[in-house]
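Here's a quick tour of how the pieces of this model meet. Have a look at the structure first, then read on.

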Amino acid sequence: MSRIGVFICHCGENISRTVDVERVAKAAEKISGVAYACEYKYMCSDPGQNLLKKAVIDQNLDGIVVAACSPRMHEKTFRKAAQSAGLNPYLVEMANIREHCSWVHEDREEATTKATEIVTMLVERVKMNKKLQPITVPVTKRALVIGGGIAGIQAALDIADCGHHVVLVEREPSIGGHMAQLSETFPTLDCSQCIMTPKMVDVANHPNITLHTYSEIENVDGYIGNFQVTIKKKARSVDMDKCTGCGVCMAKCPQKKIPNSFDKDLGMRPAIYVPFPQAVPNTPVIDRENCTYFKSGKCGVCQKVCGPGAVDYTQEDQLVVEDIGAIVVATGFELYSIGEKPKGSAIKGYGEFGHGKIPDVIDGMTFERLASASGPTGGKILRPSDGKEPQQVVFLQCVGSRAREKGISYCSKICCMYTAKHTMLYHHKVHDGQAYVFFMDARTPGKGYDEFWRRSIEDENAVYIRGAVSRLYQKGDKIVVMGSDIALGIQVEIEADMVVLATAVQPRQGADLLAQKLGISYDMYNFYSEAHAKLRPVECATAGVYLAGACQGPKDIPDSVSQASAAAAKVMTLFAKDELEREPIVAKVNDKNCVACFYCKKVCPYGAVEEKEIRDRQGNLIKVVAWVNPGVCGGCGTCQASCPSKSVELDGYTDEQIMAQIEAL
Amino acid sequence: MNNTKENTTPLVDNSYYEAVTTAIRSEARRVMESGEVSAVIGYKSGRRKGSAQPVIISDVSRIDELVFAPTCTNNLSLYLTKAKKEVSKKGKIAIVAKGCDLKALAGLMSESQLKRENLHLIGISCAGVHGSNVKPSEALSAATIARKCRECTVHVPEGVDCIAGTLPQLEQLSALESAELERLEAMSPAGRWAFWKEQFSRCIRCMACRQVCPFCYCEQCLCDRNRPQGVETTPRPAGNMGWHIVRAMHLAGRCAGCAECERSCPMDIPLNLLNRKMANELKELYGQEAGMQPQEKGPLATYKEDDDESFIK
Amino acid sequence: MIGPIGLIRRIGPIKEMIMHAEKLKHDFEPKLVAFVCTWCTYAGADLAGTSRMQYPSNVRVLKFPCTGRIDPVFILRAFQKGADGILVSGCHPGDCHYMAGNFHARRRFATFRKLLEFIGVDLERLQFSWVSAAEGGKWVEVVTELTERVRSMGPMHEFKELELEECWSGKLDTAELKEAYEAIP
């Protein structure tokens with residue numbers, strides 16, 4: 001006969017307001033096998049937990065049901081409490097009578113009945129629970145950082161400085177990300193490259209960092225502490241060991257008219273190129289799509305002029321497999337493009353702004369490149385269409401952001417600040433020019449941020465107009481901006497020379513595909529989801545994967561850097577121990593019953609099922625059966641549902657436990 | 001299931017059976033004498049005139065006992081797995097296989113129960129076999145042929161080591177089983193429930209359908225378990241319904257359509273209707289069906305990301 | 001992907017409707033069982049709770065790690081134990097915590113419902129859904145809809161009847177049997 005203890009929580013009044021907890025406790029007492037039942041105001045509080053611990057000992061309990069909130073909230077709490085009283089933690093179950101009952105039903109009678117039934121089902125289940133022991137798995141102390149922007153760089157440096165090896169993977173030919181593209185940064189207006197490039201060089205020189213640029217994640221296998229990551233190193237066509245970075249190949253390349261995406265297509269680059277002069281690594285790649293040699297088989301100039309003989313047209317994509325213990329995802333963001341979107345897309349473009357076809361309507365990043373001293377104009381603000389200095393520039397905020405009708409409801413967070421910065425940079429470079437900003441409201445929470453914004457108005461002459469713009473159109477060489485000033489209640493029309501759009505921050509294209517490879521979740525916009533919005537903001541629900549930077553949501557540089565360091569700290573916490581304890585919710589095979597049909601092996605998403613030979617003492621083969629590697633098993637239980645004879649069982653969710661619950665319906 | 005209203009003229013003449021029998025014997029003798037196989041699983045004549053029964057021959061001198069007749073209904077693949085487990089341990093075995101039996105063998109290979117290299121397959125060009133409740137001495141005719149054979153698509157096995165006999169042009173018979181399926185499908189859910197309730201209420205849980213099924217090779221059947229008891233074991237209506245649903249579900253995507261379950265059922269429950277229905281559905285849903293070649297993964301052991309989900313909200 | 005925007009907009013009215021409608025007493029209150037995965041639908045139901053949305057109290061939730069773990073036998077057993085309607089719900093395709101569990105479940109249940117349909121079970125009583133951890137509103141919608149539908153369909157007699165029926169009750173109620181019984185020495 002079981003001796004189950006049932007503990008009903010009032011949760012202050014959250015539960016007791018709608019559920020008659022006393023009645024539930026009385027009903028629970030009568031369930032066969034229940035030795036003790038009580039109710040208490042706050043079960044999760046210290047006195048509540050002590051009550052439970054005391055009952056375990058005094059009543060000699062061999063199973064516990066805590067009827068309270070969701071097990072997602074406090075299962076760990078109560079399991080720990082039981083454990084400290086000497087009861088195996090897996091003999092504790094939670095009956096969710098708050099989220100699934102008291103909070104969603106108003107009728108006291110109905111809610112009480114439901115709560116009683118939920119408790120009964122869980123009591124029957126817990127009778128079938130077995131003692132389980134945690135599984136320990138070794139930890140590979142090597143981290144993978146995906147994305148070489150400021151967040152990825154910071155995380156990689158922190159982990160590497162701690163003495164652990166880091167593999168940093170970047171899709172582009174150089175690390176640096178968006179920060180390398182910026183001209184100056186708010187709120188201090190220091191030059192972005194000046195603070196960024198030393199960090200890039202640190203990465204390149206760090207003995208603990210292996211850098212894979214021009215590379216992508218092909219596949220991720222394994223689990224926390226034991227990932228096997230396949231990295232595709234795209235063919236660079238240049239041997240990184242031989243190349244000295246002298247740049248002769250780039251100078252001699254006859255194909256020089258390729259728009260440079262690093263400069264937002266304002267500048268040109270050769271077919272063999274580094275995206276920008278301070279690139280790390282400073283090894284060029286051949287853009288095979290635009291290279292004459294790869295298109296027609298003729299040319300080969302770069303190979304001829306290369307002194308060290310580094311140019312290698314025969315290079316192929318390479319797959320590298322790395323053993324990894326923890327993964328930091330820092331894939332960053334991209335900007336909303338106002339162009340026409342494919343039908344059915346949740347994101348709409350901006351027809352009213354010309355769908356991106358007016359050449360002097362540019363986005364914020366393009367303005368950064370114009371303002372950058374290393375940019376295509378050498379830091380002069382010149383408009384793209386005719387290279388003239390614009391005398392009137394209109395800045396539009398919240399383009400895409402906070403615009404549900406355009407498919408995005410969130411605030412992109414950084415635009416208010418960078419637009420304020422843009423007006424200043426513009427004023428510094430075009431002294432007699434006039435900047436106008438259309439804005440909904442200025443969001444400047446951050447150290448020194450509001451002061452910075454006010455400076456743009458008070459000292460740098462920017463005119464802020466509260467209101468929206470309904471239309472932009474080309475008129476001669478001007479762009480007419482039609483908007484409203486809601487403060488004055490009038491229509492405004494400005495003939496601008498250039499318009500800068502603060503377009504929304506979006507996750508990278510293909511962010512969802514990477515998430516699927518990693519087995520992490522993402523929201524409706526494809527931003528990656530953290531395990532808990534407040535308390536676990538840098539961890540994914542998938543153990544061993546951490547988030548840094550704008551891939552999780554719009555962030556400015558200081559936020560990205562702090563989150564990156566936080567993610568690094570999480571990785572280092574994991575690496576501090578040689579072994580990791582895992583929940584023992586894994587599948588086990590009953591050797592006697594298994595008939596080796598290997599349905600389990602066919603359906604296992606983790607490849608955790610192997611074939612095992614059973615031999616007698618003389619070594620003669622008796623039979624072959626399935627075997628589940630507990631370190632690899634993810635605990636989904638798909639094998640058990642697929643096993644015709646139920647010879648494989650998922651601990652914690654056995655047929656006996658589930659059937660007992662169903663029988664109690 | 002007897003088709004009493006049908007024509008009793010023989011579908012094939014006797015010389016066909018003689019030719020098949022001769023071909024089986026000569027191939028069996030060849031592989032036995034060369035030592036390639038240690039035994040042959042086939043059919044021999046039974047005591048009643050025209051009847052046949054399975055036989056395992058491991059002695060060359062008994063080869064001439066092998067026959068083929070319309071009464072060779074059994075799916076012999078059973079004797080390689082659960083019925084005679086020790087047989088397959090003896091090394092390479094020759095086995096006589098009709099098209100439907102071959103599908104079962106292929107399925108068993110897909111499920112790691114058999115290895116192709118351990119088998120010598122003597123395929124039969126099969127015109128069909130008797131249905132149940134037919135006198136063994138009767139000739140194979142539209143009236144005596146098994147329902148499954150009326151719409152057989154595997155008269156001639158493929159991928160075997162040799163084929164015994166050649167088939168004459170066969171008469172196209174009406175597809176009674178498919179017609180019955182259509183009749184049931186056209187009914188209301190309540191009508192179908194009434195139909196199956198009546199059928200299953202007769203079930204005496206003798207488990208012949210399970211014992212004769214090449215795919216029911218589990219060491220312990222889920223339906224015999226009592227901790228927990230998923231399916232009631234006594235022949236009460238509730239347990240019967242449970243058993244037949246679980247059986248059909250476990251065979252979905254695997255069943256070879258040999259209809260041995262139906263033939264061996266002492267209560268004449270039309271079990272192959274369920275099997276055929278599930279095979280049809282899986283073919284329609286996922287384009288996969290039991291075939292004469294082993295498949296790496298059956299339809300329920302794999303998935304496609306764009307599988308139909310019109311039924312999911 | 002289901003557009004949560006649309007859903008969020010719909011939550012308002014539904015909530016209002018349920019909270020302020022006159023509490024109707026129904027002649028029949030169905031018993032519903034929901035088999036859900038812990039990562040998406042269970043969390044979605046939790047979210048419905050934390051958002052204080054209201055829905056009928058007929059449903060009992062069984063938590064599984066993944067829809068991939070849900071065996072058709074459980075559905076069968078739940079019907080036999082008196083469920084009038086059953087919901088199976090998990091993560092949207094591509095969102096499975098275990099990568100592919102829901103894909104396997106999708107095939108399994110597509111097949112199983114065809115079988116049940118052929119046996120004569122009214123599929124209106126068996127609902128499948130994808131409810132993500134963010135879709136508290138959808139959870140409410142799915143449960144409310146199923147409850148109302150099954151309520152209007154009335155009790156699920158079929159399996160319950162079978163539970164009560166016996167092939168042979170053990171009674172000696174025919175003359176022949178009685179005679180045979182008495183003849184036993």
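How many residues does the contact take from chain A and from chain B? The contact takes 16 residues from chain A and 16 residues from chain B. Keep in mind that we're looking at a predicted model.

Let's start on the chain A side. Two or more residues each come from α16 (599-603) and α18 (655-663) of chain A. Of these, α18(A) gives the most to the side of chain A that touches chain B, namely four residues.

Now for the inside of chain B. An automatic or database assignment splits chain B into domain 1 (14-164) and domain 2 (176-286). The centres of domain 1 and domain 2 of chain B, taken over C-alpha atoms, are 25 Å apart. Where the two touch, 19 residues of domain 1 of chain B are in contact with 15 residues of domain 2 of chain B.

On the domain 1 side, α2 (99-110) and α3 (147-150) of chain B each supply at least two residues. The largest share of that side comes from α2(B), with six residues.

Here's how the residues of the two sides divide by type:

| Side | Nonpolar | Polar | Charged |
|---|---|---|---|
| Side of chain A that touches chain B | nine residues | three residues | four residues |
| Side of domain 1 of chain B that touches domain 2 of chain B | five residues | seven residues | seven residues |

So much for the table; in words, the chain A side has nine nonpolar residues, while the domain 1 side of chain B has five.

Methods: Residues numbered from 1 in each chain as written. Chains lettered and ligands numbered in written order. Predicted model: local features only at pLDDT ≥ 70, side-chain atom pairs only at ≥ 80, totals over all residues. Contact = placed C-beta atoms within 7 Å. Nonpolar A, V, L, I, M, F, W, Y, C, P; charged D, E, K, R; others polar.
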